[in-house]
Amino acid sequence: MSGSLTIVGLGPGEPHWLTPAAQAALEAATDLVGYGPYLDRLAVRGGQTKHASDNRVEIARARYALQLAAEGRAVAVVSGGDPGVFAMAAAVFEALEAGEPGWLALPISVEPGITAMLAAAARAGAPLGGDFCAISLSDNLKPWDVITARLEAALSADFVISLYNPISKARPWQLGEALTLAARHRAPETPVIFARAVGRPDEVLRVLPMSEAVGAAGSADMATLVMIGASSTRSIARPGQAPIVYTPRSVTKIPCATSQGRT
Ligand code: SAH
């Protein structure tokens, strides 16, 4: 039997945010490989084996998955959100490039998932209506001065910025520093979204003005995505309901250009 490997995105949380194609890939697998808590979300059918590993051993996990596939197993490597966004797909290809020549003949595919940034944006309104970028604040895999240089560039270019991996026990101060930097480039009323555990039962979405966001950095955790608005990102207050945050599609100094037919 010839093996295969699929890198599957589970989406941000609940099963209804898993695509049917990802579901089918999971069902077809003989072996499920991934970080323990992601595997815990999945029911196994008879004949399937789960291989849980720690979060920090991505390349070792990728090599293990490739090895299993080379032995003839139908392997699914799982990732939260989308597997190509700060996740396992790149680790698998890094392991493939540096690995056994025989692995290059394996059928390998990627099944996309809804990434945290898109799930958080949908909950908030339409903050990604204009140009945007995503930056991981984790300095486990890149130096902090590279992160701040990219942040500065993105802030100067007036992108909406999604911050993945904003904070952890080992990285307690980085988010505060990133938001302090952002506050130098953005007006105090610019919306900043703290989207925690989107799509899970303990989901919390908070929208704070830039002026308050710096002080709130400590309230974020590893399950939080932080989104910093661009200069045009705004918030619509609604009685008795959460505000809507959106970024107009048109870039202009005149407000409401879209409604004037200037798109
Ligand atoms: N591949 C994942 C991202 C992995 S990096 C994806 O596409 O979503 C891990 C970071 O993603 C977390 O620190 C957090 O910033 C963000 N994240 C993942 N799931 C999330 C969720 N349900 N709600 C909010 N942020 C989430």
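**Exercise 1.** Which atom of the ligand is 3.1 Å from a polar backbone atom of Asn-165? Find the other backbone partners too.

*Solution.* This is a predicted model, in which local features need pLDDT of at least 70, side-chain atom pairs count only at pLDDT 80 or more, and totals for chains, interfaces and linings use all residues. Residues are numbered from 1 along each chain, and side-chain values use heavy atoms, without hydrogens and water.

Step 1. For Asn-165, the ligand atom is an oxygen.
Step 2. At Met-222, a polar backbone atom is 2.6 Å from a ligand oxygen.
Step 3. The protein buries 93% of the 550 Å² that the ligand exposes when taken alone (Shrake-Rupley method, 1.4 Å probe).

**Exercise 2.** State how many nonpolar, polar and charged residues form the shell around the ligand.

*Solution.* Step 1. The shell has 13 nonpolar, 5 polar and 2 charged residues, with Gly counted as polar.
Step 2. Among the 20 residues around the ligand (a heavy atom within 4 Å), Asp-82, Val-85, Thr-115, Met-222 and Thr-224 come nearest.

**Exercise 3.** Give the mean pLDDT of the protein chain.

*Solution.* The mean pLDDT (the predictor's confidence in each residue, from 0 to 100) is 93, and 95% of residues reach 70 or more.

Terms used. Polar contact = N/O pair within 3.5 Å; in protein donor to acceptor, adjacent residues only side chain to side chain.
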